[in-house]
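Q: Could you pick one part of this model and give me a close look at it? Please explain the terms as you go, since I'm new to this.

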Amino acid sequence: MINGYYYGTPMMHYVNHALILGIAVFVALVFGVVLFFTFFRKKNEGKYTGFRGKLYHFMNFNRFYAEDILRFVYIVSTCVVTIVGIVTIVLGSFLVGAMELIVINLILRVCFELLMMFIILCRKTVSMDRKLDRIANYYDDGYEANWSDNCRTDADCDEADSVVGCDGVCQGCSVEGCMEKSL
């Protein structure tokens, strides 16, 4: 003990930090699991407003930020390459500067277009999925669920080898099937 302070070995310093870090990781894991099964459940969609609503949408990937980030990186990198190309031309190396201006900007454009294709494909797929869900919900009248429950079996027919389809008529005995019966 020096001047009222205890100085441990450097190894104890690392052990203490590792213990505190381990406890923090455990608490974070428990907190994350609790949040996942309470706050971020699908049934809470549209329930929150303000900061909690923004946090809910951010954590559930309802908005993609990669597209905006890629656009920003593309614009900045294009500006850097263009200015470096112009400076190279001004400093006396016209051919190298022109190559930088044309070739590197072209390579940047193609690379970022390939990245953006995947992001736009994902965005369009999500959009189509939402539209198809809205269409399915609009036209859903519950008829299909009851329709298959009312189908006849071959035990309902006189002939043992008859097959009843849900198209309305029994194949073996020509008895009207489930379509007319359920209506």
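A: Let's begin with a salt bridge: R123 pairs with E67, and their closest N and O atoms are 3.1 Å apart. R123 sits in helix 4 and E67 in helix 3, so this pair ties together parts that are 56 residues apart in sequence. A salt bridge here means a side-chain nitrogen of Lys or Arg within 4 Å of a carboxyl oxygen of Asp or Glu. Helices are DSSP runs (H or I, at least four residues; strands are E, at least two), numbered from the N terminus.

Some ground rules first. This is a predicted model, where local features need pLDDT of at least 70 and side-chain atom pairs count only at pLDDT 80 or more, while totals for chains, interfaces and linings use all residues. Residues are numbered from 1 along each chain as its sequence is written, and side-chain values use heavy atoms, with hydrogens and water left out.

So our close-up is helix 3, residues 66-90. Its 25 residues should span 36 Å (1.5 Å times one less than the number of residues). The C-alpha atoms at its ends are 36 Å apart, which agrees. Just past the helix, G92 takes a positive phi of about 115 degrees.

Back to E67, which has a second partner: R71, with closest N and O atoms 2.8 Å apart. Both of these residues belong to helix 3, four places apart, about one turn of the helix. An α-helix has 3.6 residues a turn, so residues three or four places apart point the same way. E67 is buried at 10% relative accessible area, whereas R71 is partly exposed at 43% and R123 is partly exposed at 36%. Buried means under 20% relative accessible area, exposed over 50%, and partly exposed in between (1.4 Å probe, protein chains only). R109 and E113 form a salt bridge too, their closest N and O atoms 2.7 Å apart, and these two are four residues apart in helix 4, about one helical turn. As for E67, R71 and R123, salt bridges that share partners join them into one network.

Now, what else is tucked away on helix 3? L70, Y74, S77, T78, V81, G85 and T88 are buried, along with E67. The buried residues of the helix pack against helix 4 (94-139). Some of them join the largest nonpolar core, a set of seven: L70, Y74, V81, L108, F112, M116 and I119. Helix 3 and helix 4 each supply at least two of its residues, with the largest share, four, coming from helix 4. Such a core is a set of buried Ala, Val, Leu, Ile, Met, Phe, Trp, Tyr and Cys residues joined through side-chain atoms within 4.5 Å. Zoom in on F112 and you find contacts (heavy atoms within 4.5 Å) with L70, V73, Y74 and S77, leaving out residues up to four places away in sequence.

Helix 3 also has residues in a nonpolar surface patch of about 1000 Å², whose members include F72, V76, V80 and V84. Helix 3 gives the most to this patch, six residues, though helix 2 (50-59) supplies at least two as well. Patch residues have over 30% relative accessible area and no salt bridge; like charges are joined within 9 Å, nonpolar side chains (Val, Leu, Ile, Met, Phe, Trp, Tyr) within 5 Å. Areas come from the Shrake-Rupley method with a 1.4 Å probe; for residues, only the protein chains shown count as cover. V80, at 48% relative accessibility, counts as partly exposed.
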